[in-house]
Amino acid sequence: MMKSILSIILVTALVVSSYSHAYPGMQPKQEPTSNSTLELINVLPTPFPIALVDFDTIDGTKIDFEQYKGKVVVINMWATWCPPCVRELPALDRLEKALDKDDFALLPISIDAQGKEIVQPFLEKLELTEFTSYFDPQQNLREVFPLETIPATFILNKQGELVAFVRTYVDWDDENALTFLEQFNTPAETSQPKAAD
């Protein structure tokens, strides 16, 4: 009898502990109802403020997310040695071309330790010569985003707050991708973002 009670307590404790995460709303999602990878994106119940941490442009200029306030920012953390990341790149390139530049900014950020010396030739080999990557070779953004799993995409609202994230591959060629992102393109006080249908 005592063993049964202890087993129940242990199982309950494990279930409860599995629901504690870094951001509000990081609890496991329900089982997907379709094959769309957009359903894997976690939309936070409330925007989450993030610290400003520097990353680099191709010419070595230090920038942070402050300069993108007023736009919805789609941040994709990737590396050349990560096959799912590489699989995402062509679709991200197409997504960037389809986004309205007045309202959106797509920021692919490589965490390759060698930075642009390895990334630029790699992109050229993939025939992504117009693809603009940013760089975080020291992984300073780890202070803001968990980077132990990539690819990872983090979405900021126009106020620079985290509103959604996904830590796996997403098919950005999905016909509903633009509609999904568009939900964040409104003032925070007039809309409540929702998960993919």
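Biologist: Where does T186 lie?
Modeller: T186 is in the segment after α4 (177-182). Helices here are DSSP runs of H or I with at least four residues, strands are E runs of at least two, and both are numbered from the N terminus.

Biologist: And what am I looking at, source-wise?
Modeller: This is a predicted model, so local features need pLDDT of at least 70 and side-chain atom pairs count only at pLDDT 80 or more, while totals for chains, interfaces and linings use all residues. Residues are numbered from 1 along each chain as its sequence is written, and side-chain values use heavy atoms, with hydrogens and water left out.

Biologist: OK, is T186 buried, exposed or partly exposed?
Modeller: T186 counts as partly exposed because its relative accessibility is 30%. Buried means under 20% relative accessible area, exposed means over 50%, and partly exposed is in between (1.4 Å probe, protein chains only).

Biologist: How far apart are T186 and V72 in space?
Modeller: They're 9.1 Å apart, C-alpha to C-alpha, though 114 residues separate them in sequence.

Biologist: Switching to α3. Which residues are buried there?
Modeller: In α3 (residues 116-125), V119, Q120 and L123 are buried. Their directions fall within an arc of 95 degrees seen down the helix axis, so they line one face. That arc is taken from the directions from the helix axis to the C-beta atoms.

Biologist: Why would residues three or four places apart point the same way?
Modeller: An α-helix has 3.6 residues a turn, so that spacing brings them round to the same direction.

Biologist: What's exposed on the other side of α3?
Modeller: E117, E124 and K125.

Biologist: And what covers the buried residues of α3?
Modeller: The cover includes β4 (72-78), α2 (83-98), β5 (104-110) and β6 (134-135), with contact meaning heavy atoms within 4.5 Å.

Biologist: New topic: how many aromatic pairs in the whole structure?
Modeller: A search finds 6. Rings of Phe, Tyr and Trp (its six-membered ring) pair if their centres lie within 6.5 Å; planes under 30 degrees apart are stacked, over 60 edge-to-face, and the rest tilted.
One of them is F55 with Y134, an edge-to-face pair at 5.9 Å centre to centre, with 85 degrees between the planes. F55 sits in strand β2 (residues 55-56) and Y134 in strand β6, 79 residues apart.

Biologist: Which residues do ring pairs link into a cluster?
Modeller: F55, F65, Y134, F145 and F154.
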